[in-house]
Amino acid sequence: MRNMLVQNVSLSTNLKRLRKESGLSQEALTAKINLLGSLLERSAYARIELGQRNIKVTDLVALQQVYNVDFAEFFKGIKPHE
């Protein structure tokens, strides 16, 4: 089984917000996480930000290391479903 997180709009929005706040382009961001062992390409990351692709847990961990934020930042504003 692959370790993937199912996307929702808020997660995509938070990923884009964090990237923009860090001043990184999608290309620069994926280059940084590639150095941490991720195989994620820029085009695949773009689809994650658009909510068209799920994100691997390992890629989320790499993003956390690049941004140096608490994991809660990725899930800010996400409400549980009833």
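Trainee: Why is N68 called exposed in this predicted model?

Mentor: The relative accessibility of N68 is 67%. Exposed means over 50%, so N68 counts as exposed.

Trainee: Where does N68 lie, and what is its phi?

Mentor: N68 lies in the segment after α4. Its phi is near 55°, a positive value in a residue other than glycine.

Trainee: Which residues of α4 are buried?

Mentor: They are D59, L60, A62, L63, Q64 and Y67. Each of them is called buried because its relative accessible area is under 20%.

Trainee: V57 is in α4 too. Why is V57 called partly exposed?

Mentor: Helix α4 covers residues 57-67, and V57 is in it. The relative accessibility of V57 is 35%. Partly exposed runs between 20% and 50%, so V57 counts as partly exposed.

Trainee: What makes V57 part of a nonpolar patch?

Mentor: A patch takes residues with over 30% relative accessible area and no salt bridge, and joins nonpolar side chains within 5 Å. V57, at 35%, is over that first limit. The patch consists of V57, V61, F71 and F75. Together they have about 290 Å² of accessible area.

Trainee: What makes E73 and R17 a salt bridge?

Mentor: The N to O distance between their side chains is 3.3 Å. The limit is 4 Å, between a side-chain nitrogen of Lys or Arg and a carboxyl oxygen of Asp or Glu, so the pair counts as a salt bridge.

Trainee: Which parts of the chain does this pair link?

Mentor: The pair links distant parts: E73 is in the segment after α4, R17 is in helix α1 (residues 9-22), and they are 56 residues apart.

Trainee: Are E73 and R17 buried or exposed, and how do you know that?

Mentor: Neither word fits. E73 has 22% relative accessibility and R17 has 23%. Buried would need a value under 20% and exposed a value over 50%, so E73 counts as partly exposed, and so does R17.

Trainee: How do you know that K76 and E73 form a salt bridge?

Mentor: Their side chains meet at 3.4 Å, N to O. That is within 4 Å, so the pair meets the definition. K76 itself is partly exposed because its relative accessibility, 46%, falls between the cut-offs of 20% and 50%.

Trainee: Which residues are linked in a network of salt bridges?

Mentor: R17, E21, E73 and K76 are. A search of the whole structure finds 4 salt bridges.

Trainee: What makes R19 and E49 a salt bridge?

Mentor: Their closest N and O atoms are 2.6 Å apart, and the limit is 4 Å. R19 lies in helix α1 and E49 in helix α3, so the pair ties together parts that are 30 residues apart in sequence.

Trainee: Why are R19 and E49 called buried?

Mentor: R19 is at 9% relative accessibility, and E49 has a relative accessible area of 9%. Buried means under 20%, so R19 counts as buried and E49 does too.

Trainee: Why are α2 and α3 called roughly perpendicular?

Mentor: The axes of helix α2 (residues 26-35) and helix α3 (residues 42-49) cross at roughly 110°. Angles of 65 to 115 degrees count as roughly perpendicular, so α2 and α3 are roughly perpendicular to each other. Their axes come within 9 Å, and the crossing is right-handed.

Trainee: Why is R42 of helix α3 called partly exposed?

Mentor: R42 has a relative accessible area of 38%. Since partly exposed lies between 20% and 50%, the name fits R42. R42 and S25 are 17 residues apart in sequence and 9.5 Å apart in space, C-alpha to C-alpha.

Trainee: And what makes L11 buried?

Mentor: L11, in helix α1, is at 3% relative accessibility. The cut-off is under 20%, so L11 counts as buried. L11 and G77 are 66 residues apart in sequence, with 8.7 Å between them in space, C-alpha to C-alpha.

Trainee: How many helices and strands does the protein have, and in what order do they run?

Mentor: The protein has 4 helices and 2 strands. From the N terminus on, the order is β-α-α-α-β-α. Of its 82 residues, 34% count as buried.

Terms used: Residues are numbered from 1 along each chain as its sequence is written. This is a predicted model: local features need pLDDT of at least 70, side-chain atom pairs count only at pLDDT 80 or more; totals for chains, interfaces and linings use all residues. Side-chain values use heavy atoms; hydrogens and water are left out. Patches are made of residues with over 30% relative accessible area and no salt bridge: like charges are joined within 9 Å, nonpolar side chains (Val, Leu, Ile, Met, Phe, Trp, Tyr) within 5 Å. Accessible areas come from the Shrake-Rupley method with a 1.4 Å probe; for residues, only the protein chains shown count as cover. Buried means under 20% relative accessible area, exposed over 50%, partly exposed in between (1.4 Å probe, protein chains only). Axes are lines fitted to C-alpha atoms, for helices over the stretch in contact, and angles run from 0 to 180 degrees between N-to-C directions. Angles under 35 degrees count as roughly parallel, over 145 as roughly antiparallel, 65 to 115 as roughly perpendicular and the rest as oblique. A crossing is left-handed if the near helix is turned anticlockwise from the far one by less than a right angle, and right-handed if clockwise.
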